Amino acid sequence: MLLKVTKNVLLPLAMGMLLLACDRGSQESIQHSPVAIEPGKECHLCGMIITRFPGPKGEAFVRHNEQALMFCSTRDLFAWLLQPDVTSQVEAVYVHDMAKGDWANPQDDAMIDAHKAWYVVGSERKGAMGGTLASFASKAAAEKFADEYGGKLLQFSDINLELL
Ligand code: ZN
Ligand code: CU1
């Protein structure tokens, strides 16, 4: 008798929680789109005025915050992102595709999912904080950049704090 009651109560409860979890998961993945970086906007990590500097920039969305956090450079984006207490809060991350526009003026309508980008690290081109990560949507474009400016090709999961 006791067993039967428990089962009748627990099963719907468990299914309800599962549905709730699924729902939340799908919401997160479609909620955030990259937004344009306005003149005067400060870097979330170092406070510099982002649009005054060349090179690829970054944006991130964290839990319970509708506003994008913005970064002067992909270097500062990753320096922030790779902190252990930050990673779990992040819902979406975007970087410029540097194949669009030029180094001095990256195109905000060409921001891509940072997890899917190709990066060139150690090139001679400098961002707001000096050495930076050149980000690209296509591997071919990243290879071409590395041929021209040096550096090595990496993907998101290869990037760590030591590298920066
Ligand atoms: Zn910065
Ligand atoms: Cu800075």
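This is a short tour of a predicted model, with stops to select one after another.

**Stop 1: the whole chain**

Start with the protein chain in cartoon view. Its secondary structure comes to four helices and nine strands. Trace the elements from the N terminus: the order is α-β-β-α-α-β-β-β-β-β-β-α-β. Now colour by accessibility. Of the 164 residues, 37% count as buried. Switch on the surface. The chain exposes about 9700 Å², and carbon and sulfur atoms supply 56% of that area. For the contacts, take those with a separation of 6 or more: residues 24 or more positions apart account for 58% of them.

**Stop 2: the zinc ion**

Select ligand 1, the zinc ion, and show the side chains that hold it. Which residues coordinate the zinc ion? They are Cys-43 (SG), Cys-46 (SG), Cys-72 (SG) and Asp-76 (OD), at 1.9 to 2.3 Å. Check the angles next. They run from 100 to 117° among the four donor atoms, and the site is tetrahedral. Along the chain, the zinc donors follow the spacing C-x2-C-x25-C-x3-D. Cys-43 and Cys-72 link distant parts of the chain, 29 residues apart. Cys-43 sits in the loop between α1 (2-31) and β1 (58-62). Cys-72 sits in the loop between β2 (69-71) and α2 (74-81).

Stay with these cysteines and look at their cover. Is Cys-43 buried or exposed? Cys-43 is buried, and so is Cys-72. For Cys-72 the relative accessibility is 0%, so the residue counts as buried. Cys-46 has 32% relative accessibility and therefore counts as partly exposed. If you search for disulfides, you will find zero in the structure.

**Stop 3: the copper ion**

Keep Cys-46 selected and add ligand 2, the copper ion. The two metal ions are 3.3 Å apart, and Cys-46 coordinates both. What else holds the copper ion? Along with Cys-46 (SG), the donors are Met-48 (SD) and Met-129 (SD), at 2.0 to 2.3 Å. Their spacing along the chain reads C-x1-M-x80-M. Colour Met-48 by accessibility. Its value is 22%, so Met-48 counts as partly exposed.

**Stop 4: helix α4**

Move on to residues 139-149, helix α4. Highlight its buried residues: Ala-141, Ala-142, Phe-145 and Ala-146. Turn the view to look down the helix axis. These buried residues fall within an arc of 135°, so they line one face of α4. What do they pack against? The partners are the strands β7 (118-127), β8 (130-136) and β9 (152-155). Show those strands together with the buried side chains of α4 to see the packing.

Now rotate to the face turned away from the buried side. Which exposed residues does this face of α4 carry? Select Ala-140, Lys-144 and Asp-147.

Finish just past the helix. Gly-150 follows α4 and takes a positive phi of about 80°. Keep going along the chain to reach β9 at 152-155, one of the strands that the buried residues of α4 pack against.

Notes: Residues are numbered from 1 along each chain as its sequence is written. Chains are lettered from A and ligands numbered from 1 in the order in which they are written. This is a predicted model: local features need pLDDT of at least 70, side-chain atom pairs count only at pLDDT 80 or more; totals for chains, interfaces and linings use all residues. Side-chain values use heavy atoms; hydrogens and water are left out. Buried means under 20% relative accessible area, exposed over 50%, partly exposed in between (1.4 Å probe, protein chains only). Helices (H or I, at least four residues) and strands (E, at least two) are DSSP runs, numbered from the N terminus. The arc is that of the directions from the helix axis to the C-beta atoms. Contact means heavy atoms within 4.5 Å. Donors are N, O and S atoms within 2.8 Å of the metal (3.2 Å for Na, K and Ca); water is not among the atoms, so sites may look incomplete. Accessible areas come from the Shrake-Rupley method with a 1.4 Å probe; for residues, only the protein chains shown count as cover. A disulfide is a pair of cysteine sulfur atoms within 2.5 Å. Four donors count as tetrahedral if all angles lie between 85 and 135 degrees; four count as square planar and six as octahedral if opposite donors are over 155 degrees apart and all others between 65 and 115; anything else is irregular.
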